[in-house]
Structure formats: structure tokens, C-alpha cells
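Visitor: Could you take me through the interior and the surface hollows of this protein?

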Amino acid sequence: MSISKTVQQLQLEWVTSENFQRYGQVIFASLDGKSYDGEDAQLNLQNGIPRFYIMRLEKRGRKFHKITRHLQCTQCLGSLEGKDWLIAVCPPDNDVNEPTLEEMAAFRIPGNCFIKLHEGTWHAGPYFDHEAVDFYNLELADTNMVDHFTHDFLKSHQLEFEMV
């Protein structure tokens, strides 16, 4: 017997430094030689060995029912080849063990920048409409083993999200 579910639409908006600041930072190109400042990614990679790698994702679409967070480090994501992509986020509230439904947001990320997620920011993605996208990812070497907390909305609320 299948469980009935509701599909909730999340309105996408183009990411900006202002509308993303609750969740992290948006980093755009800067001129070579610029001094380090608050517009640069404010990283926390002190709790382990940093891992910078390229991950290939295929046929992701726009729907999800699981959302994840990492409490021990920041995470940076960006696409290669200038491809735009999508991510759903919920602000970090590290005293609560599940994301707040009313605070979910969805963003379209252009292929000319990357995002840095604050520690504890819930995130679902990257998602996209392309056949495949390569992403660079900066996190800790063991993030997905020891710092990977996932909430399943299908189990808790019989809910699936679609970014539109």
C-alpha cells in the first residue's frame, strides 16, 4: 500500500548576495590582487582535512523529499561549464533537529558564481534541467560519513517539493 503524498511547489528566485545571506554567501569573480575581505568565502574547514573535488550528477530534475545539513564545516558548490542549477535551502537552527517548513526557499544559481553554505544550513541539491552537470565541491574529506544529517519530508509530512 502506497502512502499518499502532497507535492509542494517552491518558487525559484535568482540568487543574490542579499537574498541568500541567511543560508550562506554568493561568491562572484573579483579582480586579481584584491585583498581578502567579507566578500570572499568565509570558510570553516578546521575540523578535518579539506576535500576539493569535482562531482558529476546526471538527470536530477527539480523534485526532492530529503534535505541535508553539515554542522562541522562550510560547504562550497559551483557548476562547471557555466551551467545554471537549483538548490533548496532552509536556514540553520542548530538547536532544532529538523528544518522549518515555513522557511524553505529555492534558488537558481547562475554558472558564473559559487555558493558557500553556512554551517548547519539545510540544503537539497544541486538540481538542474540539464542531462548532466559537473560541480566543484569543497567540504571536509569525511563530511558525508560523519557530518551528514538528513531529514525525510516524505516520512515526516508525506511531502515532496518541486522547485518551479
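Visitor: Which residues touch the most other members of the largest nonpolar core?
Guide: Of its 20 residues, these are F20, W85, I87, V89, F107, I109 and I115. A nonpolar core here is a set of buried Ala, Val, Leu, Ile, Met, Phe, Trp, Tyr and Cys residues joined through side-chain atoms within 4.5 Å, where buried means under 20% relative accessible area with a 1.4 Å probe, protein chains only. The model is predicted, with pLDDT of at least 70 needed for local features and 80 or more for side-chain atom pairs, while totals for chains, interfaces and linings use all residues. Numbering starts from 1 along each chain as its sequence is written, and side-chain values use heavy atoms, without hydrogens and water.

Visitor: Which strands supply at least two residues of this core?
Guide: They are β4 (50-58), β8 (85-90), β9 (105-109), β10 (113-117) and β12 (132-140); strands are DSSP runs of E, at least two residues, numbered from the N terminus.

Visitor: Is there a second core, and which residues does it include?
Guide: A separate core of 16 residues includes F64, I67, A88 and L159.

Visitor: Now the pockets. Which residues lie nearest the centre of the largest one?
Guide: R60, H123, G125, P126 and H148, among 20 lining residues. A pocket is an open set of points on a 1 Å grid, with protein on both sides within 12 Å along at least five of seven lines; lining residues have an atom within 4 Å of a point.

Visitor: Which strand gives the largest share of that lining?
Guide: Strand β11 does, with five residues.

Conventions
Buried means under 20% relative accessible area, exposed over 50%, partly exposed in between (1.4 Å probe, protein chains only). Helices (H or I, at least four residues) and strands (E, at least two) are DSSP runs, numbered from the N terminus. On a 1 Å grid over the protein atoms alone, a cavity is a set of points where a 1.4 Å probe fits but cannot get out, and a pocket is an open set with protein on both sides within 12 Å along at least five of seven lines; lining residues have an atom within 4 Å of a point.
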